[in-house]
Amino acid sequence: MLFEKTYGIDLGSSSVKVYSFFRNKTYIEKNMIASKGHTIIAMGNEAYDMFEKSPTDITVTSPMTFGMIANLELQEIVLYSMIRKIDHILGFGATMYFTVPLDMTAVEKRAYFHVANGHWLKKNRVFMVEAPIADAIAMGVNLEDPEGNMIVNIGAQSTEVSIITGGKIIISRKIPLGGRQMIRKRYNLQIGTRTAKRLKMVMGRLSDPKKEVRKVVGIDCISGLPREEIISSYVVNDGIMNCLNEIAAEMKTFLERIPPQISYHIAKQGIYITGGSTRLPYIDKYLASYTGFTFNLSDFYETSAVTGLEKIIRNKELREWAVPVTQRKL
């Protein structure tokens, strides 16, 4: 396998993470593409630099929505562009490990297969690893533990909650809440996604919030015209906390649906939490105070799943968690 072109790929709504076995390195780019009509103008980070700044005749969008492939052709182009930058190859004859959502339909599986075997990428072998399994492997969770472990991934557009027991995911739920929903309309002002993300990361504090303000420009929801507004840290933190409260409430409901002996073990062991949105300071302590459970915060954040793929690729004993997929099986 030393000289094979092998990649671990995590397609996210916010970014694409690709681990190259040959380079032994993980690469991250924004999962965005800019187009003018049928002409592709920019991809990845270059497209993100144009996001919410481009003229009306240029569309900047992500091929992924709520963790699922929304535009197959555009997603293949983004991935092909990344692989060309990493290894300068044409994308033929490689082995690709994808993290995938749980309980996919045959159509959704076919989408992942065609991303690796479409117009630009061809004759590639495809393996699928369920995202919670990849997260668990990255965090060193014992997948064979018969007493059960809980994995929570808070992403850009959704949160996935899963229970793994005896090497199987016995129950899982995807909540349509994530980092992008943490800052919403305030003062009848609609602000852009990039602005909201900056406010969240700079002013978001879940413990001992500082009193500060920032000037932002948005669209007045009544007049439809641009308007400046002073946004306080209180408003930013209120939006973050409301979203986290909803996620925590869903988690508590989820825990009530599982057998009490598993819930008891999770309470003793702690809930494993990862995802890009867990970069918020003190998020583990805030969720612990709301739910009454302890949390084990991953150090990998948004790279957790691709780190799990890296371990699977480099360790033959872990490859049992990767399921080979062919067009004939779909």
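This tour moves through a predicted model, from a central strand to a helix and then to a cavity.

Begin by selecting strand β9, residues 95-100, where six of the six residues are buried. In a regular strand the side chains alternate between the two faces of the sheet. Colour T95, Y97 and T99 for one side of β9 and M96, F98 and V100 for the other, and you will have marked two covered faces, since these residues are all buried.

Next, add the strands that pair with β9. Strand β1, residues 6-11, pairs with β9 in the parallel sense over four bridges, and T6 stands opposite T95. Strand β10, residues 125-130, also pairs with β9 in the parallel sense, here over six bridges, and M128 in β10 is the bridge partner of F98. If you now show helix α3, residues 106-116, together with β9 and β10, you have a right-handed β-α-β unit on the screen.

Move on to helix α4, residues 131-138. Eight of its eight residues are buried, so α4 is largely enclosed by the rest of the structure. After α4 comes G140, whose phi is positive, near 75°.

Where does α4 give residues to a cavity lining? Select P132, D135, I151, V152, N153, E160 and S162, which line the second largest cavity; α4, β11 (149-154) and β12 (159-165) are the elements that give two or more residues to this lining. Strand β11 gives the most, with three residues. The second largest cavity has a volume of about 30 Å³, and its lining has three nonpolar, two polar and two charged residues.

Note on methods. Residues are numbered from 1 along each chain as its sequence is written. This is a predicted model: local features need pLDDT of at least 70, side-chain atom pairs count only at pLDDT 80 or more; totals for chains, interfaces and linings use all residues. Side-chain values use heavy atoms; hydrogens and water are left out. On a 1 Å grid over the protein atoms alone, a cavity is a set of points where a 1.4 Å probe fits but cannot get out, and a pocket is an open set with protein on both sides within 12 Å along at least five of seven lines; lining residues have an atom within 4 Å of a point. Grid points are joined across faces, edges and corners, and a volume is the space filled by probe spheres set on the points. Ala, Val, Leu, Ile, Met, Phe, Trp, Tyr, Cys and Pro count as nonpolar, Asp, Glu, Lys and Arg as charged, and the others, Gly among them, as polar. Buried means under 20% relative accessible area, exposed over 50%, partly exposed in between (1.4 Å probe, protein chains only). Two strands pair if DSSP finds at least two bridges between them. A crossover is right-handed if, with the strands pointing away from the viewer, the path from the first strand over the helix to the second runs clockwise.
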